[in-house]
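Student: I have a new model open and I'd like to practise reading it. Please take me through burial, salt bridges, strand pairing and the chain contact.

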Number of protein chains: 2
Amino acid sequence: MTYCVGIRLNAGLVFLSDSRTNAGLDAISTFRKMMVYEKPGDRFMVMLSAGNLSISQSVREILQVEKIPNGDDEPITIWNAKSMFDATRVLGSAVRRVYEQDGPSLKAAGIDFNCSMIFGGQIAGEAMRLFLVYSAGNFIESTRETCFFQVGESKYGKPILDRVLTPTTPLDEAAKCALVSMDSTLKSNLSVGLPLDLLVYRAGALESDQIVCIDDKNPYFKMIHDTWGQRLREVFEGIDDPRWDGGDSAHPLLARSERYETLPKIGTVDDKIV
Amino acid sequence: MTYCVGIRLNAGLVFLSDSRTNAGLDAISTFRKMMVYEKPGDRFMVMLSAGNLSISQSVREILQVEKIPNGDDEPITIWNAKSMFDATRVLGSAVRRVYEQDGPSLKAAGIDFNCSMIFGGQIAGEAMRLFLVYSAGNFIESTRETCFFQVGESKYGKPILDRVLTPTTPLDEAAKCALVSMDSTLKSNLSVGLPLDLLVYRAGALESDQIVCIDDKNPYFKMIHDTWGQRLREVFEGIDDPRWDGGDSAHPLLARSERYETLPKIGTVDDKIV
(Lines give C-alpha, C1' and ligand atoms only; values in the text may rest on other atoms or scores of the structure.)
Protein backbone atom coordinates (compact mmCIF):
# COMPACT_ATOMS: atom_id res chain seq x y z
CA MET A 1 0.00 0.00 0.00
CA THR A 2 0.95 3.65 0.07
CA TYR A 3 0.05 6.85 1.83
CA CYS A 4 0.65 10.21 0.16
CA VAL A 5 -0.76 13.63 0.96
CA GLY A 6 -0.55 16.92 -0.95
CA ILE A 7 -1.65 20.23 0.57
CA ARG A 8 -2.25 23.61 -1.07
CA LEU A 9 -2.11 26.65 1.23
CA ASN A 10 -1.95 30.36 0.60
CA ALA A 11 1.70 30.20 1.65
CA GLY A 12 2.71 27.29 -0.55
CA LEU A 13 2.48 23.54 -1.09
CA VAL A 14 3.38 20.57 1.09
CA PHE A 15 3.94 17.03 -0.21
CA LEU A 16 4.55 13.91 1.87
CA SER A 17 4.86 10.29 0.75
CA ASP A 18 5.82 6.98 2.30
CA SER A 19 7.95 4.45 0.44
CA ARG A 20 6.53 0.99 1.09
CA THR A 21 5.45 -1.21 -1.78
CA ASN A 22 4.08 -4.65 -1.19
CA ALA A 23 2.80 -7.55 -3.19
CA GLY A 24 1.44 -9.49 -0.25
CA LEU A 25 2.80 -9.07 3.26
CA ASP A 26 5.76 -11.32 2.45
CA ALA A 27 6.98 -9.22 -0.46
CA ILE A 28 7.76 -5.77 0.87
CA SER A 29 10.14 -3.36 -0.75
CA THR A 30 11.06 0.30 -0.70
CA PHE A 31 10.22 2.55 -3.65
CA ARG A 32 10.15 6.33 -3.54
CA LYS A 33 6.79 7.70 -4.61
CA MET A 34 7.69 11.38 -4.99
CA MET A 35 9.02 12.86 -8.22
CA VAL A 36 10.16 16.46 -8.54
CA TYR A 37 10.15 18.26 -11.90
CA GLU A 38 11.97 21.57 -11.70
CA LYS A 39 13.17 24.27 -14.07
CA PRO A 40 14.20 26.98 -11.62
CA GLY A 41 12.52 30.32 -12.26
CA ASP A 42 10.14 28.78 -14.80
CA ARG A 43 8.26 25.86 -13.24
CA PHE A 44 8.23 23.55 -10.25
CA MET A 45 6.06 20.44 -10.15
CA VAL A 46 5.75 17.43 -7.85
CA MET A 47 4.02 14.11 -8.45
CA LEU A 48 3.05 11.59 -5.74
CA SER A 49 1.80 8.23 -6.92
CA ALA A 50 -0.18 5.33 -5.49
CA GLY A 51 -1.52 2.08 -6.91
CA ASN A 52 0.08 -0.63 -9.02
CA LEU A 53 3.84 0.09 -9.08
CA SER A 54 4.37 -1.09 -12.65
CA ILE A 55 1.72 1.37 -13.80
CA SER A 56 2.96 4.34 -11.79
CA GLN A 57 6.59 3.74 -12.83
CA SER A 58 5.55 3.62 -16.48
CA VAL A 59 3.50 6.81 -16.07
CA ARG A 60 6.51 8.60 -14.56
CA GLU A 61 8.79 7.48 -17.36
CA ILE A 62 6.36 8.47 -20.12
CA LEU A 63 5.41 11.77 -18.45
CA GLN A 64 8.86 13.21 -19.14
CA VAL A 65 8.38 12.90 -22.90
CA GLU A 66 4.58 12.85 -23.29
CA LYS A 67 3.11 15.39 -25.75
CA ILE A 68 -0.48 16.37 -26.41
CA PRO A 69 -1.62 18.00 -29.68
CA ASN A 70 -2.09 21.78 -29.63
CA GLY A 71 -3.66 22.68 -33.00
CA ASP A 72 -1.00 24.06 -35.32
CA ASP A 73 1.27 25.03 -32.44
CA GLU A 74 3.98 22.98 -30.80
CA PRO A 75 2.59 20.01 -28.86
CA ILE A 76 2.20 20.56 -25.10
CA THR A 77 4.61 18.86 -22.68
CA ILE A 78 5.05 19.34 -18.93
CA TRP A 79 8.12 21.44 -19.80
CA ASN A 80 6.36 23.95 -22.06
CA ALA A 81 2.77 23.90 -20.69
CA LYS A 82 1.59 27.43 -19.89
CA SER A 83 -0.60 26.32 -17.01
CA MET A 84 -0.68 23.57 -14.39
CA PHE A 85 -4.05 22.60 -15.88
CA ASP A 86 -2.36 21.82 -19.20
CA ALA A 87 0.54 20.04 -17.46
CA THR A 88 -2.01 17.87 -15.65
CA ARG A 89 -3.69 17.10 -19.00
CA VAL A 90 -0.28 15.83 -20.15
CA LEU A 91 -0.13 13.61 -17.07
CA GLY A 92 -3.65 12.32 -17.79
CA SER A 93 -2.53 11.56 -21.33
CA ALA A 94 0.50 9.63 -20.00
CA VAL A 95 -1.83 7.55 -17.81
CA ARG A 96 -4.02 6.78 -20.84
CA ARG A 97 -0.96 5.79 -22.88
CA VAL A 98 0.04 3.26 -20.21
CA TYR A 99 -3.55 2.02 -20.18
CA GLU A 100 -3.41 1.46 -23.96
CA GLN A 101 -0.14 -0.45 -23.59
CA ASP A 102 -0.86 -2.54 -20.48
CA GLY A 103 -4.61 -2.37 -19.82
CA PRO A 104 -5.78 -5.31 -21.96
CA SER A 105 -3.07 -7.68 -20.62
CA LEU A 106 -3.74 -6.63 -17.03
CA LYS A 107 -7.45 -7.19 -17.55
CA ALA A 108 -6.77 -10.64 -19.02
CA ALA A 109 -4.77 -11.41 -15.87
CA GLY A 110 -7.64 -10.21 -13.68
CA ILE A 111 -5.68 -7.19 -12.39
CA ASP A 112 -7.33 -3.78 -12.06
CA PHE A 113 -5.72 -0.84 -13.81
CA ASN A 114 -5.18 0.88 -10.51
CA CYS A 115 -3.23 4.10 -10.07
CA SER A 116 -3.83 7.57 -8.68
CA MET A 117 -1.58 10.57 -8.48
CA ILE A 118 -1.35 13.89 -6.70
CA PHE A 119 0.21 16.45 -9.02
CA GLY A 120 0.86 20.03 -8.04
CA GLY A 121 3.16 22.96 -8.45
CA GLN A 122 3.52 26.32 -10.09
CA ILE A 123 4.31 27.64 -13.55
CA ALA A 124 5.58 31.22 -13.94
CA GLY A 125 2.66 33.59 -14.55
CA GLU A 126 0.12 31.46 -12.72
CA ALA A 127 -0.81 30.71 -9.11
CA MET A 128 0.06 27.38 -7.47
CA ARG A 129 -2.36 24.56 -8.26
CA LEU A 130 -2.90 21.03 -6.94
CA PHE A 131 -4.64 18.16 -8.76
CA LEU A 132 -5.77 14.61 -8.07
CA VAL A 133 -5.47 12.40 -11.16
CA TYR A 134 -7.45 9.17 -11.43
CA SER A 135 -6.63 5.95 -13.28
CA ALA A 136 -8.81 6.98 -16.24
CA GLY A 137 -6.60 10.05 -16.70
CA ASN A 138 -9.37 12.42 -15.54
CA PHE A 139 -8.67 14.76 -12.65
CA ILE A 140 -10.00 17.22 -10.08
CA GLU A 141 -8.42 20.36 -8.61
CA SER A 142 -8.19 21.42 -4.98
CA THR A 143 -10.15 24.47 -3.87
CA ARG A 144 -10.21 26.73 -0.82
CA GLU A 145 -12.78 24.45 0.80
CA THR A 146 -10.82 21.27 0.08
CA CYS A 147 -7.19 22.20 0.38
CA PHE A 148 -5.62 18.72 0.48
CA PHE A 149 -5.69 15.43 -1.41
CA GLN A 150 -4.70 11.98 -0.19
CA VAL A 151 -3.97 8.82 -2.18
CA GLY A 152 -3.53 5.26 -0.91
CA GLU A 153 -4.36 4.38 2.70
CA SER A 154 -6.06 7.67 3.50
CA LYS A 155 -8.52 7.03 6.31
CA TYR A 156 -6.41 6.65 9.44
CA GLY A 157 -4.68 9.95 8.80
CA LYS A 158 -7.65 12.01 7.61
CA PRO A 159 -9.19 13.19 10.92
CA ILE A 160 -6.17 15.33 11.91
CA LEU A 161 -6.00 16.92 8.43
CA ASP A 162 -9.74 17.67 8.61
CA ARG A 163 -9.37 19.31 11.99
CA VAL A 164 -6.24 21.39 11.40
CA LEU A 165 -5.81 22.44 7.77
CA THR A 166 -7.25 25.62 6.26
CA PRO A 167 -5.81 27.73 3.41
CA THR A 168 -4.27 30.11 5.99
CA THR A 169 -2.33 27.38 7.85
CA PRO A 170 1.39 28.27 7.82
CA LEU A 171 3.64 26.00 5.73
CA ASP A 172 5.66 24.51 8.57
CA GLU A 173 2.53 23.83 10.59
CA ALA A 174 1.02 22.02 7.58
CA ALA A 175 4.22 19.95 7.25
CA LYS A 176 3.88 19.03 10.93
CA CYS A 177 0.21 18.13 10.35
CA ALA A 178 1.11 15.88 7.40
CA LEU A 179 3.74 14.13 9.55
CA VAL A 180 1.24 13.55 12.39
CA SER A 181 -1.24 12.19 9.83
CA MET A 182 1.50 9.88 8.48
CA ASP A 183 2.42 8.76 12.02
CA SER A 184 -1.18 7.64 12.69
CA THR A 185 -1.22 5.77 9.38
CA LEU A 186 2.12 4.05 10.03
CA LYS A 187 0.82 2.89 13.42
CA SER A 188 -2.33 1.33 11.96
CA ASN A 189 -1.26 -0.07 8.57
CA LEU A 190 1.85 -2.22 8.20
CA SER A 191 1.84 -1.74 4.45
CA VAL A 192 2.74 1.94 4.84
CA GLY A 193 6.39 2.38 5.81
CA LEU A 194 9.46 4.56 6.28
CA PRO A 195 11.43 6.31 4.87
CA LEU A 196 9.24 9.32 4.06
CA ASP A 197 9.83 12.05 1.51
CA LEU A 198 8.74 15.52 2.63
CA LEU A 199 8.82 18.55 0.35
CA VAL A 200 7.77 22.12 1.13
CA TYR A 201 7.36 24.69 -1.65
CA ARG A 202 6.97 28.43 -0.96
CA ALA A 203 4.49 30.32 -3.16
CA GLY A 204 6.20 32.06 -6.08
CA ALA A 205 9.64 30.49 -5.52
CA LEU A 206 9.58 28.32 -8.69
CA GLU A 207 12.16 26.06 -7.02
CA SER A 208 12.63 24.35 -3.67
CA ASP A 209 15.43 22.88 -1.65
CA GLN A 210 13.21 22.05 1.30
CA ILE A 211 13.16 18.35 0.54
CA VAL A 212 14.08 15.74 3.09
CA CYS A 213 14.11 11.96 3.31
CA ILE A 214 12.96 10.98 6.80
CA ASP A 215 13.98 7.63 8.26
CA ASP A 216 13.53 6.18 11.74
CA LYS A 217 16.55 8.12 13.01
CA ASN A 218 15.19 11.56 12.05
CA PRO A 219 15.10 13.59 15.29
CA TYR A 220 12.02 15.63 14.34
CA PHE A 221 9.88 12.70 13.23
CA LYS A 222 10.95 10.70 16.31
CA MET A 223 9.84 13.63 18.47
CA ILE A 224 6.46 13.77 16.67
CA HIS A 225 6.04 10.01 17.04
CA ASP A 226 6.88 10.03 20.76
CA THR A 227 5.04 13.22 21.66
CA TRP A 228 1.79 12.96 19.74
CA GLY A 229 0.56 9.68 21.20
CA GLN A 230 1.47 10.78 24.71
CA ARG A 231 -0.21 14.21 24.43
CA LEU A 232 -3.27 12.64 22.85
CA ARG A 233 -3.62 10.39 25.88
CA GLU A 234 -3.17 13.40 28.21
CA VAL A 235 -5.93 15.33 26.43
CA PHE A 236 -8.10 12.26 26.50
CA GLU A 237 -7.57 11.86 30.24
CA GLY A 238 -8.37 15.56 30.74
CA ILE A 239 -11.92 15.11 29.42
CA ASP A 240 -14.52 14.09 32.03
CA ASP A 241 -15.59 10.46 32.08
CA PRO A 242 -19.32 9.91 31.53
CA ARG A 243 -21.50 9.98 34.67
CA TRP A 244 -24.28 7.44 34.37
CA ASP A 245 -26.28 8.82 37.26
CA GLY A 246 -26.11 12.37 35.93
CA GLY A 247 -24.97 13.42 39.40
CA ASP A 248 -23.68 16.99 39.52
CA SER A 249 -22.11 16.77 36.06
CA ALA A 250 -22.52 19.71 33.72
CA HIS A 251 -22.64 17.17 30.88
CA PRO A 252 -24.69 14.18 32.06
CA LEU A 253 -24.77 11.13 29.86
CA LEU A 254 -28.31 10.53 31.08
CA ALA A 255 -30.62 12.94 32.81
CA ARG A 256 -32.09 11.20 35.84
CA SER A 257 -35.59 11.14 34.36
CA GLU A 258 -34.38 9.31 31.23
CA ARG A 259 -32.64 6.58 33.18
CA TYR A 260 -34.66 3.63 32.04
CA GLU A 261 -35.77 4.76 28.58
CA THR A 262 -33.33 2.56 26.77
CA LEU A 263 -33.08 -0.12 24.13
CA PRO A 264 -35.58 -2.96 24.57
CA LYS A 265 -33.93 -6.20 25.61
CA ILE A 266 -34.71 -9.68 24.47
CA GLY A 267 -35.11 -11.98 27.44
CA THR A 268 -36.74 -15.17 28.58
CA VAL A 269 -39.35 -15.96 31.24
CA ASP A 270 -39.30 -19.63 32.25
CA ASP A 271 -37.21 -20.24 29.13
CA LYS A 272 -39.90 -18.88 26.81
CA ILE A 273 -38.71 -16.06 24.64
CA VAL A 274 -40.52 -12.79 25.34
CA MET B 1 -22.54 2.07 6.29
CA THR B 2 -22.12 1.40 9.98
CA TYR B 3 -19.62 1.83 12.75
CA CYS B 4 -19.70 -0.46 15.79
CA VAL B 5 -17.07 -1.15 18.43
CA GLY B 6 -16.95 -3.74 21.21
CA ILE B 7 -14.32 -3.64 23.97
CA ARG B 8 -13.36 -6.27 26.55
CA LEU B 9 -11.60 -4.98 29.68
CA ASN B 10 -10.79 -6.55 33.02
CA ALA B 11 -13.57 -4.42 34.51
CA GLY B 12 -16.25 -5.28 31.96
CA LEU B 13 -17.47 -4.78 28.42
CA VAL B 14 -18.33 -1.68 26.40
CA PHE B 15 -20.46 -1.70 23.23
CA LEU B 16 -21.18 1.27 20.97
CA SER B 17 -23.06 1.37 17.65
CA ASP B 18 -24.36 4.01 15.28
CA SER B 19 -27.74 3.70 13.60
CA ARG B 20 -27.39 4.83 10.00
CA THR B 21 -28.30 2.52 7.15
CA ASN B 22 -28.01 3.61 3.58
CA ALA B 23 -28.63 2.24 0.16
CA GLY B 24 -26.93 5.02 -1.75
CA LEU B 25 -26.56 8.50 -0.31
CA ASP B 26 -30.13 9.34 -1.27
CA ALA B 27 -31.68 6.49 0.69
CA ILE B 28 -30.72 6.95 4.35
CA SER B 29 -32.63 5.52 7.25
CA THR B 30 -32.21 4.80 10.94
CA PHE B 31 -31.94 1.23 12.20
CA ARG B 32 -30.60 0.24 15.61
CA LYS B 33 -27.69 -2.17 15.35
CA MET B 34 -27.42 -3.27 18.97
CA MET B 35 -29.36 -6.21 20.38
CA VAL B 36 -29.30 -7.17 24.06
CA TYR B 37 -30.02 -10.73 25.19
CA GLU B 38 -30.45 -10.91 28.95
CA LYS B 39 -31.56 -13.47 31.54
CA PRO B 40 -30.60 -11.67 34.76
CA GLY B 41 -28.33 -13.72 37.00
CA ASP B 42 -27.78 -16.33 34.29
CA ARG B 43 -26.49 -14.68 31.12
CA PHE B 44 -26.02 -11.32 29.44
CA MET B 45 -25.12 -11.01 25.75
CA VAL B 46 -24.91 -8.17 23.24
CA MET B 47 -24.74 -8.31 19.45
CA LEU B 48 -23.64 -5.45 17.18
CA SER B 49 -24.12 -5.96 13.45
CA ALA B 50 -22.79 -4.45 10.24
CA GLY B 51 -23.27 -5.27 6.58
CA ASN B 52 -26.36 -5.88 4.47
CA LEU B 53 -29.36 -4.97 6.66
CA SER B 54 -31.62 -7.70 5.28
CA ILE B 55 -29.01 -10.27 6.26
CA SER B 56 -28.32 -8.92 9.73
CA GLN B 57 -32.03 -8.53 10.54
CA SER B 58 -32.63 -12.16 9.47
CA VAL B 59 -29.67 -13.33 11.57
CA ARG B 60 -31.08 -11.54 14.62
CA GLU B 61 -34.50 -13.04 14.16
CA ILE B 62 -33.19 -16.57 13.66
CA LEU B 63 -30.65 -16.29 16.49
CA GLN B 64 -33.42 -16.27 19.10
CA VAL B 65 -34.60 -19.73 18.08
CA GLU B 66 -31.51 -21.25 16.42
CA LYS B 67 -30.41 -24.64 17.78
CA ILE B 68 -27.25 -26.63 17.09
CA PRO B 69 -27.04 -30.41 17.65
CA ASN B 70 -25.37 -31.60 20.87
CA GLY B 71 -25.07 -35.38 20.57
CA ASP B 72 -27.84 -37.03 22.56
CA ASP B 73 -28.34 -33.98 24.76
CA GLU B 74 -30.69 -31.10 24.26
CA PRO B 75 -29.69 -28.93 21.29
CA ILE B 76 -27.69 -25.81 22.17
CA THR B 77 -29.34 -22.37 21.96
CA ILE B 78 -28.08 -18.98 23.11
CA TRP B 79 -30.37 -19.41 26.11
CA ASN B 80 -28.94 -22.72 27.37
CA ALA B 81 -25.34 -22.58 26.05
CA LYS B 82 -22.88 -23.21 28.88
CA SER B 83 -20.19 -20.96 27.37
CA MET B 84 -20.01 -17.84 25.23
CA PHE B 85 -18.00 -19.95 22.77
CA ASP B 86 -21.02 -22.23 22.29
CA ALA B 87 -23.39 -19.25 22.12
CA THR B 88 -21.19 -17.79 19.38
CA ARG B 89 -21.33 -21.12 17.52
CA VAL B 90 -25.12 -20.74 17.60
CA LEU B 91 -24.74 -17.26 16.11
CA GLY B 92 -22.42 -18.67 13.40
CA SER B 93 -25.06 -21.31 12.66
CA ALA B 94 -27.75 -18.61 12.35
CA VAL B 95 -25.55 -16.77 9.83
CA ARG B 96 -25.12 -19.98 7.82
CA ARG B 97 -28.88 -20.59 7.89
CA VAL B 98 -29.50 -17.15 6.36
CA TYR B 99 -26.80 -17.89 3.80
CA GLU B 100 -28.61 -21.11 2.80
CA GLN B 101 -31.88 -19.21 2.47
CA ASP B 102 -30.73 -16.02 0.73
CA GLY B 103 -27.17 -16.65 -0.54
CA PRO B 104 -27.99 -18.11 -3.98
CA SER B 105 -30.53 -15.37 -4.83
CA LEU B 106 -28.19 -12.63 -3.64
CA LYS B 107 -25.40 -14.12 -5.74
CA ALA B 108 -27.70 -14.24 -8.79
CA ALA B 109 -28.40 -10.54 -8.23
CA GLY B 110 -24.67 -9.79 -7.98
CA ILE B 111 -24.85 -8.87 -4.27
CA ASP B 112 -22.20 -10.06 -1.82
CA PHE B 113 -23.34 -11.99 1.23
CA ASN B 114 -21.92 -9.31 3.48
CA CYS B 115 -22.38 -9.21 7.25
CA SER B 116 -20.19 -9.12 10.34
CA MET B 117 -21.08 -9.09 13.99
CA ILE B 118 -19.51 -8.34 17.32
CA PHE B 119 -20.93 -10.68 19.94
CA GLY B 120 -19.94 -10.60 23.59
CA GLY B 121 -21.15 -11.09 27.11
CA GLN B 122 -21.00 -13.41 30.05
CA ILE B 123 -22.65 -16.68 31.06
CA ALA B 124 -22.74 -17.64 34.77
CA GLY B 125 -19.70 -19.78 35.66
CA GLU B 126 -17.48 -18.30 32.95
CA ALA B 127 -15.49 -15.11 32.41
CA MET B 128 -16.66 -12.41 29.98
CA ARG B 129 -15.81 -13.09 26.34
CA LEU B 130 -15.95 -11.07 23.12
CA PHE B 131 -16.10 -12.43 19.56
CA LEU B 132 -16.01 -11.15 15.99
CA VAL B 133 -18.22 -13.24 13.68
CA TYR B 134 -17.65 -13.20 9.91
CA SER B 135 -20.14 -13.71 7.09
CA ALA B 136 -19.10 -17.36 6.70
CA GLY B 137 -20.19 -17.95 10.31
CA ASN B 138 -16.60 -18.43 11.50
CA PHE B 139 -15.30 -16.24 14.31
CA ILE B 140 -12.33 -15.04 16.35
CA GLU B 141 -12.10 -14.10 20.04
CA SER B 142 -10.51 -11.04 21.61
CA THR B 143 -7.38 -11.49 23.73
CA ARG B 144 -5.40 -9.37 26.18
CA GLU B 145 -3.31 -8.08 23.29
CA THR B 146 -6.32 -7.23 21.13
CA CYS B 147 -9.02 -6.09 23.50
CA PHE B 148 -11.44 -4.53 20.99
CA PHE B 149 -13.18 -5.33 17.73
CA GLN B 150 -14.67 -2.93 15.18
CA VAL B 151 -17.10 -3.61 12.34
CA GLY B 152 -18.14 -1.33 9.49
CA GLU B 153 -16.28 1.93 8.86
CA SER B 154 -13.44 1.19 11.26
CA LYS B 155 -10.42 3.14 10.07
CA TYR B 156 -11.11 6.76 11.02
CA GLY B 157 -11.79 5.79 14.62
CA LYS B 158 -9.04 3.21 15.12
CA PRO B 159 -6.02 5.39 16.04
CA ILE B 160 -7.53 6.63 19.34
CA LEU B 161 -8.55 3.08 20.35
CA ASP B 162 -5.02 1.85 19.54
CA ARG B 163 -3.49 4.57 21.65
CA VAL B 164 -5.74 4.43 24.71
CA LEU B 165 -7.19 0.98 25.33
CA THR B 166 -5.52 -1.73 27.40
CA PRO B 167 -7.20 -4.45 29.48
CA THR B 168 -6.74 -2.31 32.61
CA THR B 169 -8.55 0.75 31.21
CA PRO B 170 -11.50 1.65 33.51
CA LEU B 171 -14.97 1.09 32.06
CA ASP B 172 -16.08 4.72 31.93
CA GLU B 173 -12.80 5.76 30.33
CA ALA B 174 -13.27 3.07 27.66
CA ALA B 175 -16.82 4.33 27.05
CA LYS B 176 -15.38 7.83 26.60
CA CYS B 177 -12.74 6.43 24.21
CA ALA B 178 -15.40 4.66 22.14
CA LEU B 179 -17.38 7.93 21.91
CA VAL B 180 -14.28 9.88 20.78
CA SER B 181 -13.62 7.18 18.18
CA MET B 182 -17.24 7.45 17.01
CA ASP B 183 -17.00 11.26 16.87
CA SER B 184 -13.99 11.05 14.50
CA THR B 185 -15.88 8.57 12.32
CA LEU B 186 -19.05 10.70 12.21
CA LYS B 187 -16.94 13.68 11.12
CA SER B 188 -15.33 11.80 8.23
CA ASN B 189 -18.05 9.47 6.91
CA LEU B 190 -21.56 10.72 6.17
CA SER B 191 -22.90 7.18 6.07
CA VAL B 192 -22.32 6.78 9.83
CA GLY B 193 -24.95 8.67 11.84
CA LEU B 194 -26.70 9.43 15.13
CA PRO B 195 -28.37 8.27 17.30
CA LEU B 196 -25.84 6.00 19.00
CA ASP B 197 -26.47 3.10 21.36
CA LEU B 198 -23.97 2.80 24.22
CA LEU B 199 -23.96 -0.10 26.67
CA VAL B 200 -21.59 -0.73 29.57
CA TYR B 201 -21.51 -4.11 31.34
CA ARG B 202 -19.69 -4.65 34.65
CA ALA B 203 -17.82 -7.96 35.04
CA GLY B 204 -19.88 -10.55 36.88
CA ALA B 205 -23.12 -8.54 36.93
CA LEU B 206 -25.02 -10.83 34.51
CA GLU B 207 -27.31 -7.88 33.74
CA SER B 208 -26.93 -4.21 32.85
CA ASP B 209 -29.04 -1.10 32.95
CA GLN B 210 -26.24 1.13 31.72
CA ILE B 211 -27.69 1.46 28.24
CA VAL B 212 -28.32 4.81 26.61
CA CYS B 213 -29.48 6.08 23.27
CA ILE B 214 -27.42 9.17 22.41
CA ASP B 215 -28.79 11.76 20.00
CA ASP B 216 -27.51 15.19 19.00
CA LYS B 217 -28.98 16.73 22.15
CA ASN B 218 -27.09 14.46 24.57
CA PRO B 219 -25.06 16.83 26.82
CA TYR B 220 -22.14 14.43 27.30
CA PHE B 221 -21.69 13.59 23.62
CA LYS B 222 -22.03 17.27 22.69
CA MET B 223 -19.27 18.07 25.19
CA ILE B 224 -17.03 15.33 23.68
CA HIS B 225 -17.75 16.60 20.18
CA ASP B 226 -17.00 20.24 21.04
CA THR B 227 -14.01 19.57 23.29
CA TRP B 228 -12.07 16.88 21.47
CA GLY B 229 -11.47 18.73 18.21
CA GLN B 230 -10.49 21.90 20.04
CA ARG B 231 -8.08 20.15 22.45
CA LEU B 232 -6.57 18.20 19.57
CA ARG B 233 -5.78 21.46 17.83
CA GLU B 234 -4.27 22.87 21.05
CA VAL B 235 -2.00 19.84 21.46
CA PHE B 236 -1.06 20.07 17.81
CA GLU B 237 -0.15 23.73 18.19
CA GLY B 238 1.91 22.90 21.29
CA ILE B 239 4.30 20.69 19.31
CA ASP B 240 7.26 22.47 17.72
CA ASP B 241 7.08 23.20 14.01
CA PRO B 242 9.89 21.64 11.95
CA ARG B 243 13.07 23.74 11.61
CA TRP B 244 14.56 23.32 8.15
CA ASP B 245 17.86 24.91 9.02
CA GLY B 246 18.31 22.79 12.15
CA GLY B 247 18.98 25.99 14.04
CA ASP B 248 19.06 25.53 17.81
CA SER B 249 16.25 22.95 17.73
CA ALA B 250 16.60 19.87 19.90
CA HIS B 251 14.76 17.97 17.15
CA PRO B 252 16.06 19.22 13.79
CA LEU B 253 14.28 18.05 10.67
CA LEU B 254 17.63 18.19 8.91
CA ALA B 255 21.07 18.30 10.45
CA ARG B 256 23.00 21.07 8.73
CA SER B 257 25.43 18.62 7.11
CA GLU B 258 22.58 16.69 5.51
CA ARG B 259 21.03 19.73 3.97
CA TYR B 260 21.37 18.85 0.32
CA GLU B 261 21.28 15.07 0.45
CA THR B 262 17.78 14.83 -0.89
CA LEU B 263 15.66 13.31 -3.61
CA PRO B 264 17.09 13.71 -7.10
CA LYS B 265 15.08 16.11 -9.24
CA ILE B 266 14.23 15.82 -12.87
CA GLY B 267 15.06 19.03 -14.68
CA THR B 268 15.91 20.46 -18.04
CA VAL B 269 18.93 22.28 -19.40
CA ASP B 270 18.19 24.17 -22.58
CA ASP B 271 14.95 22.19 -22.80
CA LYS B 272 16.80 18.89 -22.87
CA ILE B 273 15.76 16.49 -20.13
CA VAL B 274 18.58 15.62 -17.72
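Tutor: Start with burial: a residue is buried under 20% relative accessible area, exposed over 50%, and partly exposed in between. Keep in mind that this is a predicted model.

Student: Then how exposed is Asp216(A)?

Tutor: Asp216(A) has a relative accessible area of 48%, so it is partly exposed. Its salt-bridge partner is Lys217(A), with N and O 3.7 Å apart. Lys217(A) is exposed, at 64% relative accessibility.

Student: What counts as a salt bridge here?

Tutor: The rule asks for a side-chain nitrogen of Lys or Arg within 4 Å of a carboxyl oxygen of Asp or Glu. Over all chains, the search turns up 26 of them. Some share partners: Glu126(A), Arg129(A) and Glu141(A) are joined into one network that way.

Student: Which residue forms a salt bridge with Asp42(A), and how far apart are the closest N and O atoms?

Tutor: That's Arg43(A), at 2.5 Å. Check the burial of both ends too: Asp42(A) is partly exposed at 22%, while Arg43(A) is buried at 4%.

Student: And what does the salt bridge of Glu66(A) and Arg97(A) tie together?

Tutor: Their side chains meet at 2.7 Å, N to O. Glu66(A) sits in the loop between helix H1 (53–63) and strand E7 (68–70), and Arg97(A) in helix H2 (residues 84–108), so the pair links parts of chain A that are 31 residues apart in sequence. Glu66(A) is buried, with 3% relative accessibility, whereas Arg97(A) is partly exposed at 36%.

Student: On to strands. Where do the side chains of a regular strand go?

Tutor: They alternate between the two faces of the sheet. For a case here, pick strand E6 (residues 43–51) of chain A: eight of its nine residues are buried, so the rest of the structure largely encloses it.

Student: Which strands pair with E6(A)?

Tutor: One is strand E5 (residues 34–39) of chain A, which runs antiparallel to E6(A) and is joined to it by six bridges. Across that pairing, Tyr37(A) has Met45(A) as its bridge partner. Look at the hairpin as well: three residues lie between the two strands, and Gly41(A) takes a positive phi near 85 degrees there. Another partner is strand E9 (residues 115–123) of chain A, antiparallel to E6(A) over nine bridges. In that pairing, Ala50(A) stands opposite Ser116(A).

Student: Last topic, the contact of the two chains. How do I put a size on an interface?

Tutor: People often quote the accessible area lost when the parts come together. Chain A and chain B bury about 7,500 Å² between them, with 65% of that on carbon and sulfur atoms. The contact takes 72 residues from chain A and 72 residues from chain B.

Student: How many salt bridges and polar contacts are there between chain A and chain B?

Tutor: The rule finds six salt bridges across the interface. Take the one between Lys155(B) and Glu153(A), at 2.9 Å, N to O. For polar contacts, the count is 19 residue pairs.

Student: Which parts of chain A touch chain B?

Tutor: Among the elements supplying at least two residues are E5, helix H4 (171–188) and helix H5 (219–238) of chain A. H5(A) gives the most, with 14 residues. By class, that side of chain A has 36 nonpolar, 13 polar and 23 charged residues.

Technical notes
Residues numbered from 1 in each chain as written. Chains lettered and ligands numbered in written order. Predicted model: local features only at pLDDT ≥ 70, side-chain atom pairs only at ≥ 80, totals over all residues. Heavy atoms only, no water. Buried < 20%, exposed > 50% of the residue type's maximum accessible area, 1.4 Å probe, protein only. Helix = DSSP H or I, 4+ residues; strand = E, 2+ residues; numbered from the N terminus. Pairing = 2+ DSSP bridges. Contact = heavy atoms within 4.5 Å. Buried area = accessible area lost by both parts, 1.4 Å probe. Polar contact = N/O pair within 3.5 Å; in protein donor to acceptor, adjacent residues only side chain to side chain. Nonpolar A, V, L, I, M, F, W, Y, C, P; charged D, E, K, R; others polar.
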